[in-house]
Amino acid sequence: MFPRLFIAILTILFALPAYALDKVTFATNWRAQAEHGGFYQAVADGTYARYGLDVTIQQGGPQINARLLLAAGRVDFAMGANTIQMFESVLQNVPIVTVASMFQIDPVIFMSHQGVGLDRFEDLPKATAFIASDMRASVWRWLKQAYGFRDEKVKPYGFNSAPFIADKNSIQEGLLTSEPYAIEMRAGFKPNVFLLSDIGYDGYSTTIETRAETIEKKADLVQRFVDASIIGWYNYIYGDNANATAAIKRDNPEMTDGQIAFSLAKMKDRGIVDSGDSLTLGVGAMTDARMKSFFDKMAKAGVVPADLNYKKGYTLRFIGKKVGMELRR
């Protein structure tokens with residue numbers, strides 16, 4: 001009797017319809033690294049699958065523009081680098097909307113040599129500044145307006161730190177989670193590090209973006225992707241992230257254990273992912289008040305038009321729901 005019953009149960013189970021996961025492609029803004037860890041975590045530990053998603057992470061690179069791929073409908077979601085990009089989308093009438101911010105703190109920094117008169121932030125305007133063109137068109141304009149930096153001090157930064165290393169009276173842009181480690185490994189010294197958020201640069205970073213059409217027609221899909229990504233970030237920061245780290249290194253074989261460990265430590269130490277509003281609203285949080293604060297600063301500095309309807313570029317609909325907060329340790 002029991003064998004027959006067991007066979008009958010199996011027959012019923014196999015006859016049930018299989019529900020396919022929704023296939024989603026998420027494009028990052030650079031090659032795989034710890035700063036993308038929460039997304040890789042959600043793939044590696046099955047969080048996306050539990051939310052009914054089959055997610056492919058398409059890593060970025062020097063010849064790949066994730067936001068263009070998103071605008072063209074080639075991917076479903078993209079990683080935005082910062083809030084300035086969101087303003088640019090609104091200005092250009094591109095229907096891309098920011099739906100979450102995985103980094104509460106934009107990790108953009110300046111570095112200087114120690115012991116040469118550049119040990120305080122107020123010393124930096126007198127230094128030669130190696131900065132890239134995108135920073136000169138955005139952050140630098142705010143620094144000039146708010147802190148007296150000067151264009152005649154600027155030299156182009158081509159993502160090669162050799163000029164900064166050679167010139168002790170210079171500063172260089174970078175990210176808190178990356179360039180200080182590279183300088184120490186390459187040049188053998190620890191630079192002074194100045195996190196620009198500490199002096200008022202309060203934009204968001206590492207955002208999730210999608211098309212306005214996707215929000216209108218597939219709101220449930222957007223909500224599931226945001227929620228699962230949030231949980232991925234909690235687990236990456238606070239849990240066992242070994243499988244995510246392995247996946248990052250598979251996608252980017254040049255990534256080292258040392259760099260990943262350094263990046264993760266900085267993200268934890270400075271609350272890059274989990275601080276400020278995320279402590280009460282959950283990872284991924286954004287607020288209208290902070291968006292207005294950042295916009296007002298950029299408008300005053302002439303980075304964006306003062307009459308820009310920047311609120312078209314983001315929505316709070318999918319965040320602030322305290323998803324995954326129980327995973328915080």
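**Two sheets and a helix: a short tour**

Good morning. This is a predicted model. The protein chain has an average pLDDT of 94, and 94% of the residues score at least 70.

One stretch needs a caution. Over residues 5-18, pLDDT stays under 50. For those residues the model has zero contacts beyond four places in sequence. Where pLDDT is low, the predicted coordinates should not be read in detail. I leave that stretch there.

Now the sheets. Let's take the one that contains β1. How are its strands ordered? The order is β2-β1-β3-β10-β4. That makes an open sheet of five strands, and the pairing is mixed. At the edges stand β2, residues 53-58, and β4, residues 96-103. Each has a single partner strand, so one side of each is left without a neighbour in the sheet. From one strand to the next, the twist averages 30°.

Look inside this sheet. Strand β3, residues 77-82, runs antiparallel to strand β10, residues 205-211. Four bridges join the two. Take G80: its bridge partner in β10 is T207. Which helix packs here? It is α2, which touches β1, β2, β3, β4 and β10. The direction of α2 makes about 140° with that of β2.

On to the other sheet. Here the order is β7-β6-β8-β5-β9. This sheet is open too, with five strands and mixed pairing. Its edge strands are β7, residues 154-156, and β9, residues 192-195. Again, each has a single partner strand, so one side of each lacks a neighbour in the sheet. The twist averages 30° from one strand to the next.

Strands β5, residues 108-112, and β8, residues 170-175, run antiparallel. Five bridges join them. Opposite M111 stands Q172 in β8. Helix α9, residues 179-187, packs on this sheet and touches β5, β8 and β9. Its direction makes about 125° with that of β8.

Last stop: helix α12, residues 242-251. Which of its residues are buried? They are A244, T245, A247 and I248. Seen down the axis of α12, these fall within an arc of 160°, so they line one face of the helix. The face turned away from that buried side carries N243 and R250, both exposed.

What covers the buried residues of α12? The cover includes α2 (37-44), α11 (219-238) and α13 (257-269). We have met α2 before: that helix also packs on the sheet with β1.

That's the tour. Thank you.

Technical notes. Residues are numbered from 1 along each chain as its sequence is written. This is a predicted model: local features need pLDDT of at least 70, side-chain atom pairs count only at pLDDT 80 or more; totals for chains, interfaces and linings use all residues. Side-chain values use heavy atoms; hydrogens and water are left out. pLDDT is the predictor's confidence in each residue, from 0 to 100. Contact means heavy atoms within 4.5 Å. Two strands pair if DSSP finds at least two bridges between them. Axes are lines fitted to C-alpha atoms, for helices over the stretch in contact, and angles run from 0 to 180 degrees between N-to-C directions. Buried means under 20% relative accessible area, exposed over 50%, partly exposed in between (1.4 Å probe, protein chains only). The arc is that of the directions from the helix axis to the C-beta atoms.
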